[in-house]
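Me: Please take one part of this structure and examine it closely for a reader who has not met it before. I should like a single connected account in formal terms.

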Amino acid sequence: MDPQLSTAIKAQADQLICQTHPQVCFLRDQNYPRLEQLVGQQLFADKDPISIQTALAEIERELSDSQ
């Protein structure tokens, strides 16, 4: 794939994530290991499996509620 196209795709994906989950985006940029830890906790918190996307949405809700 063309490197410029890859860069554009990544930039647009990052922008979309930051628009829909601004608190997760901020945490990702400030402390990625902490974000990874929180996602892991969400994934293994219940007996019913959830997706990474669901875990990120839940983290966004929790971070937004705490402000």
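Reply: Cys 18 and Cys 25 are joined by a disulfide in this predicted model, with 1.7 Å between their sulfur atoms. A disulfide is a covalent bond between the sulfur atoms of two cysteines. The link of Cys 18 and Cys 25 is right-handed, with 45 degrees about the S-S bond. A search of the whole structure finds 1 disulfide.

Cys 25 also leads to the next feature, as one of the residues that line the largest pocket. Rolling a probe the size of a water molecule over the atoms shows where empty space is left. The largest pocket has a volume of about 210 Å³. Its lining consists of Ile 17, Val 24, Cys 25, Arg 28, Tyr 32, Leu 35, Glu 36, Val 39, Ile 52 and Leu 56. By class, this lining comprises 8 nonpolar and 2 charged residues, with no polar ones. At least two of the lining residues come from each of H2, H3 and H4. The greatest contribution is that of H3, which provides 4 residues.

The arrangement of these helices may now be considered. Two packed helices are described by the angle between their axes and the distance between the axes.

For H2 and H3, the axes come within 5 Å and cross at roughly 125 degrees. H2 is therefore oblique to H3. On the H2 side of this contact are Val 24, Leu 27, Arg 28 and Gln 30, which meet Tyr 32, Arg 34, Leu 35 and Leu 38 in H3. The contact of H2 with H3 has 5 nonpolar, 1 polar and 2 charged residues.

The axes of H2, residues 22-30, and H4, residues 52-65, come within 8 Å and cross at roughly 95 degrees. H2 and H4 are therefore roughly perpendicular to each other. Here Pro 22, Gln 23, Val 24 and Leu 27 of H2 meet Leu 56, Ile 59, Glu 60, Leu 63 and Ser 64 of H4. This contact of H2 with H4 has 6 nonpolar, 2 polar and 1 charged residues.

Several residues connect these descriptions. Val 24 of H2 takes part in the contact with H3 and in the contact with H4, and it also lines the largest pocket. Leu 27 likewise meets residues of H3 and of H4. Arg 28, Tyr 32 and Leu 35 belong to the contact of H2 with H3 and appear in the pocket lining, while Leu 56 belongs to the contact of H2 with H4 and to that lining.

Technical notes. Residues are numbered from 1 along each chain as its sequence is written. This is a predicted model: local features need pLDDT of at least 70, side-chain atom pairs count only at pLDDT 80 or more; totals for chains, interfaces and linings use all residues. Side-chain values use heavy atoms; hydrogens and water are left out. Axes are lines fitted to C-alpha atoms, for helices over the stretch in contact, and angles run from 0 to 180 degrees between N-to-C directions. Angles under 35 degrees count as roughly parallel, over 145 as roughly antiparallel, 65 to 115 as roughly perpendicular and the rest as oblique. Contact means heavy atoms within 4.5 Å. Ala, Val, Leu, Ile, Met, Phe, Trp, Tyr, Cys and Pro count as nonpolar, Asp, Glu, Lys and Arg as charged, and the others, Gly among them, as polar. On a 1 Å grid over the protein atoms alone, a cavity is a set of points where a 1.4 Å probe fits but cannot get out, and a pocket is an open set with protein on both sides within 12 Å along at least five of seven lines; lining residues have an atom within 4 Å of a point. Grid points are joined across faces, edges and corners, and a volume is the space filled by probe spheres set on the points. A disulfide is a pair of cysteine sulfur atoms within 2.5 Å.
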